[in-house]
Amino acid sequence: MVTTPVTELTDRARDIFRAVVDGYVENGMPIGSKTIALASGLNLSPASIRGVMQELEELGLLASPHTSAGRIPTERGLRLFVDGMMQVLEPSEDERAAIESRVGGGGPVEEALAATTAALSGLSACAGLVMVPKRELTLRSIGFVPLSPDQAMAVLVSEDGSVENRVVALPPGMNPSALVEAGNYMTATLGGLTLVEARARVERDLAAGQAAVDMAARALIEQGLVVWSEDAARRPVLIVRGQGRLIDAAAAADLDRVRDLLDDLEGKQEIAGLLDSARAGDATRIFIGAENKLFALSGSSVIARPFRGPGGRVVGVVGVIGPTRLNYARVVPMVDFTAATLARLMG
């Protein structure tokens with residue numbers, strides 16, 4: 001559907017449209033002509049305002065829900081408002097301090113990300129989202145401990161000191177010496193490399209005949225790297241905080257929508273895919289309602305912005321999800337500030 005350019009609206013129509021959006025964002029209820037006449041300072045009669053509201057409805061920018069005399073902005077109307085009329089409200093000093101204090105709390109990066117997301121959720125009254133950068137393990141050493149004739153425990157120690165164990169299957173009749181040989185080769189050859197780099201190095205060395213290991217050890221090396229690489233690809237990449245904030249007084253009147261939204265949040269891979277689409281470029285992305293099929297039923301909006309790490313590389317995306325009536329003018333700059341704060345953390 002083609003959106004009406006804001007320049008095609010008269011000044012009176014823009015003022016009345018803005019009054020409807022502002023009122024709807026504030027209380028989630030339809031806004032009537034009498035309310036606008038009393039509160040907007042437009043010096044127009046309710047009858048005149050009703051006429052303009054009817055014109056805006058015919059343009060697809062407003063809708064009249066149920067039998068109410070009031071109007072609410074449509075998703076098309078909200079898109080027009082966000083793209084052409086919104087005047088952003090920068091975060092206050094207290095809001096900035098609340099976000100920065102969570103980032104600067106120390107501890108693992110994942111904990112700082114989770115805490116920052118919770119702070120963003122509380123300040124925006126939405127659910128906070130952050131897509132965590134996939135952690136690239138850098139190898140220090142790898143060893144194999146026999147458990148039984150057909151199983152061994154692979155022990156991976158990364159450069160940051162973390163230790164991970166995985167049980168791997170052994171080929172029939174494997175000699176215990178092959179476990180030692182495989183571990184020695186991997187530690188000596190792959191130390192300091194990421195999993196991706198290690199797999200490429202092993203494949204290259206084996207193909208060129210430069211790996212001085214027998215066939216049994218070779219199979220174990222390949223299997224160990226595959227297990228860890230596949231596991232790393234399945235690591236949780238999305239943190240969601242503050243789902244309970246999505247159930248407010250207005251939402252309680254539409255429990256089906258709330259239920260649909262909470263169901264959407266359970267599908268973390270789908271949400272991660274949506275956030276991943278916001279990685280390109282530096283601009284904040286705003287997805288309103290059915291503009292993204294993921295939220296066609298729940299009628300929700302997502303505001304997301306990428307944040308960068310060393311060398312300016314995009315390492316993640318932070319944002320919020322909430323009802324389409326969320327306060328875009330306030331929340332958009334809040335997400336922007338959070339992304340900038342996380343970029344300083346990652347740098």
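Visitor: Why is Arg 96 called partly exposed?

Guide: This is a predicted model, by the way, so every value here is computed from its atoms. Arg 96 has a relative accessible area of 25%. Buried would need under 20% and exposed over 50%, so Arg 96, at 25%, is partly exposed.

Visitor: And what makes Glu 90 exposed?

Guide: Glu 90 comes out at 53% relative accessible area. The cut-off is over 50%, so Glu 90 counts as exposed.

Visitor: How do you know that Arg 96 forms a salt bridge with Glu 90?

Guide: Look at the closest N and O atoms of the pair, which are 3.9 Å apart. The criterion is a side-chain nitrogen of Lys or Arg within 4 Å of a carboxyl oxygen of Asp or Glu. With 3.9 Å against that limit, Arg 96 and Glu 90 qualify. As for the chemistry, side chains of opposite charge can pair when their charged atoms come close.

Visitor: How many salt bridges does the structure hold?

Guide: Eight. One of them is Glu 291 with Arg 79, whose closest N and O atoms sit 2.7 Å apart, so the 4 Å criterion is met.

Visitor: What makes this a link between distant parts of the chain?

Guide: The two residues are 212 residues apart. Glu 291 is in the loop between β8 (285-288) and β9 (300-308), while Arg 79 is in helix α4 (residues 75-84).

Visitor: Is Arg 79 buried or exposed?

Guide: Buried. Its relative accessible area is 15%, and the cut-off is under 20%. Its partner Glu 291, at 42%, falls between the two limits and so counts as partly exposed.

Visitor: Which residues is Arg 79 in contact with, leaving aside its neighbours within four places in sequence?

Guide: Ile 286, Phe 287, Ile 288 and Glu 291. Arg 79 also belongs to a network of salt bridges with Asp 83 and Glu 291.

Visitor: How do you know that Arg 305 forms a salt bridge with Asp 336?

Guide: Their closest N and O atoms are 3.3 Å apart, which is within the 4 Å allowed. Arg 305 is in strand β9 and Asp 336 in helix α13 (residues 328-346), so the bridge ties together parts separated by 31 residues in sequence. Arg 305 has 23% relative accessibility and counts as partly exposed; Asp 336, at 24%, also counts as partly exposed.

Visitor: Where does α13 lie?

Guide: Across β3, β8, β9 and β10 (314-323), running at about 30° to β9. Those strands belong to an open sheet of five, in the order β7-β3-β10-β9-β8, with antiparallel pairing.

Visitor: Why are β7 (238-241) and β8 called edge strands?

Guide: Each of them pairs on one side only, and that's why β7 and β8 get the name. Within this sheet, neighbouring strands are turned by 15° against each other on average, direction ignored.

Visitor: What makes β3 (residues 127-131) and β7 a pair?

Guide: Four bridges join them, and the strands run antiparallel. Pairing takes at least two bridges, so four are enough for β3 and β7. Met 131, for instance, has Leu 238 in β7 as its bridge partner.

Terms used: Residues numbered from 1 in each chain as written. Predicted model: local features only at pLDDT ≥ 70, side-chain atom pairs only at ≥ 80, totals over all residues. Heavy atoms only, no water. Buried < 20%, exposed > 50% of the residue type's maximum accessible area, 1.4 Å probe, protein only. Contact = heavy atoms within 4.5 Å. Axes fitted to C-alpha atoms, helices over the stretch in contact; angles between N-to-C directions.
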